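Trainee: I'd like a close look at one helix, and then at how the rest of the chain is arranged around its sheets and cores. Could you take me through it?

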Amino acid sequence: MILVGGIGTRLRPLTYETPKQMLPILGVPMIECVMDTLCQHGITDAVLALGYLPDQFIEAYPSGVIGGVNVTYAVEPEPLDTSGAIRFAAKFAEIDETFLVLNGDVITDLDITKLIKFHRDHGAQATIALHAVDDPSRFGVVPTTPDGRVIAFVEKPPRDEAPTNLINAGTYVFEPSVLDRIAPTGRVSVERDTFPELAAEGTLYAMPDDSYWLDTGTPQAFLQANVDFLLGRFRNHLVKDVVDGCWIHPSSTVDPSATLINSVVDRNCVVKANVVLEDSVLLPGVVIQNDAQVRFSIIGHHAVIGAFSNLGATCVVGASVHVEAHSQLSGDVRLGGV
Ligand code: GTP
């Protein structure tokens, strides 16, 4: 089961128009990258737990196959939060055996087979994949006993109070029996409700893993995902034609005088003379006028960046926004509304 129904507030304004998992990484919608990795691990069938802008997924993949995986679409009637979504989608798809749950905005090459074996060996009700990070304060932190039983589930602790640097990596194995303990209506969170309950009971386990892992939910992380694909830190066979650390869709025009470093130029973009693009992503249809410099920024569909503008870490320019010539923008800049 892939959770893709979140509203993606941290990636606004991009997510006003496009659900997070339909944002492309090197031209490939994120959901396709996630599904392709699952396919490589032998997964054949999945349920997509949809809530926010569901039609965009259904219209993009009308055959119901994404990245080689057969998909069932479960559309929530209202936002149910993560546990509520799991319950709804599992009932919808009539799941009655051990199943895997993934946050659809996580890119990872976690060994799923190993995670399922760990879950079964420990007789767990649910098992969480863990990932070590330098700063756990943005995440759900998961201390365990030496054999992997979860002692507590601490959501976003202050950095100096975190009991461990192992965080919830957003990939879980569930027994179907867990579903019956999730309230059938209203919002229920897996991190704040279900996991703490299971941890208190001693039936929640967790397995650390050191494979590639990235939660793409912030602008910085979304840029990081693109750069990691460009530089081959995460390998995906859907990603092709990276030249000198950049990916430029063949339908786009880049003036020979432009300088591009670790950047993505999606389809139908125009990059004019003397432009500098560094660690940035241009979504389809963007125009960068002459002599503009864009660093550590994401430029949304059909936006135009005026001549001689200077955009620095971290600008997120929404769809169809026109940035005036000679603009100077940096900091946590979000341009564009609904
Ligand atoms: P932010 O608003 O930026 O925090 O993003 P988000 O709404 O995606 O929330 P978050 O990143 O915490 O969600 C983790 C995963 O759960 C993502 O894959 C979301 O798409 C998914 N998710 C969150 N809430 C829901 C929900 O109500 N229904 C469904 N189906 N999925 C959800």
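At 1.5 Å a residue, what span should the 12 residues of helix H7 (residues 219–230) have, and how far apart are its end C-alpha atoms?

Mentor: Happy to. First, some ground rules: this is a predicted model, in which local features need pLDDT of at least 70 and side-chain atom pairs count only at pLDDT 80 or more, while totals for chains, interfaces and linings use all residues. Residues are numbered from 1 along each chain as its sequence is written, and side-chain values use heavy atoms, with hydrogens and water left out.

Now your helix. H7 should span 16 Å, and its end C-alpha atoms are 17 Å apart, so the two values agree. The expected span is 1.5 Å times one less than the number of residues. Helices (H or I, at least four residues) and strands (E, at least two) are DSSP runs, numbered from the N terminus. H7 is mostly covered, with 10 of its 12 residues buried, where buried means under 20% relative accessible area, exposed over 50% and partly exposed in between (1.4 Å probe, protein chains only). Among the buried ones are Pro-219, Phe-222, Leu-223, Val-227, Phe-229 and Leu-230, and the polar Asn-226 and Asp-228 are buried too. Just after H7, Gly-232 adopts a positive phi of about 75°.

Stepping back, H7 belongs to a protein with seven helices and 30 strands. The radius of gyration is 21 Å, close to the 20 Å that the globule rule gives for 338 residues, so the protein is as compact as a globular protein of that length. That radius is taken over C-alpha atoms, and the rule is 2.2 Å times the number of residues to the power 0.38. The C-alpha trace spans about 60 × 50 × 35 Å along its principal axes, and buried residues make up 54% of the 338. Of the contacts between residues at least 6 apart in sequence, 53% join residues at least 24 apart; a contact means heavy atoms within 4.5 Å.

Next, the interior. The largest nonpolar core has 33 residues, and those with the most contacts inside it include Ile-2, Leu-48, Phe-57, Ile-66 and Tyr-73. Such a core is a set of buried Ala, Val, Leu, Ile, Met, Phe, Trp, Tyr and Cys residues joined through side-chain atoms within 4.5 Å. Among the elements that each supply at least two residues of this core are helix H2 (30–40), strand E4 (45–50), strand E6 (69–75) and strand E12 (166–174). Apart from it lies another core, of 28 residues, with Val-47, Ala-126, Ile-128 and Leu-130 among them.

E4 is a good place to see strands and core come together. Five of the six residues in E4 are buried. E4 pairs in the parallel sense with strand E1 (residues 2–3) over two bridges and with E6 over six; two strands count as paired if DSSP finds at least two bridges between them. Leu-48 is the bridge partner of Ile-2 and also stands opposite Tyr-73 in E6. Beyond its neighbours within four places in sequence, Tyr-73 is in contact with Leu-48, Leu-50, Phe-57 and Ile-66, among others.

Over in E12 you find Thr-171, which is buried, with a relative accessible area of 2%. Not counting residues up to four places away, Thr-171 touches several residues, including Leu-100, Leu-115, Ile-128 and Ala-129.

Finally, two open sheets with parallel pairing. One has five strands in the order E17-E20-E23-E26-E29, with E17 (259–261) and E29 (328–329) as edge strands that each pair on one side only. Within this sheet, three bridges join E20 (residues 276–278) to E23 (residues 293–295), and Glu-278 has Arg-295 as its bridge partner. The other five-stranded sheet runs E16-E19-E22-E25-E28, edged by E16 (253–254) and E28 (322–323). There, two bridges join E16 to E19 (residues 270–271), and Thr-253 stands opposite Val-270.
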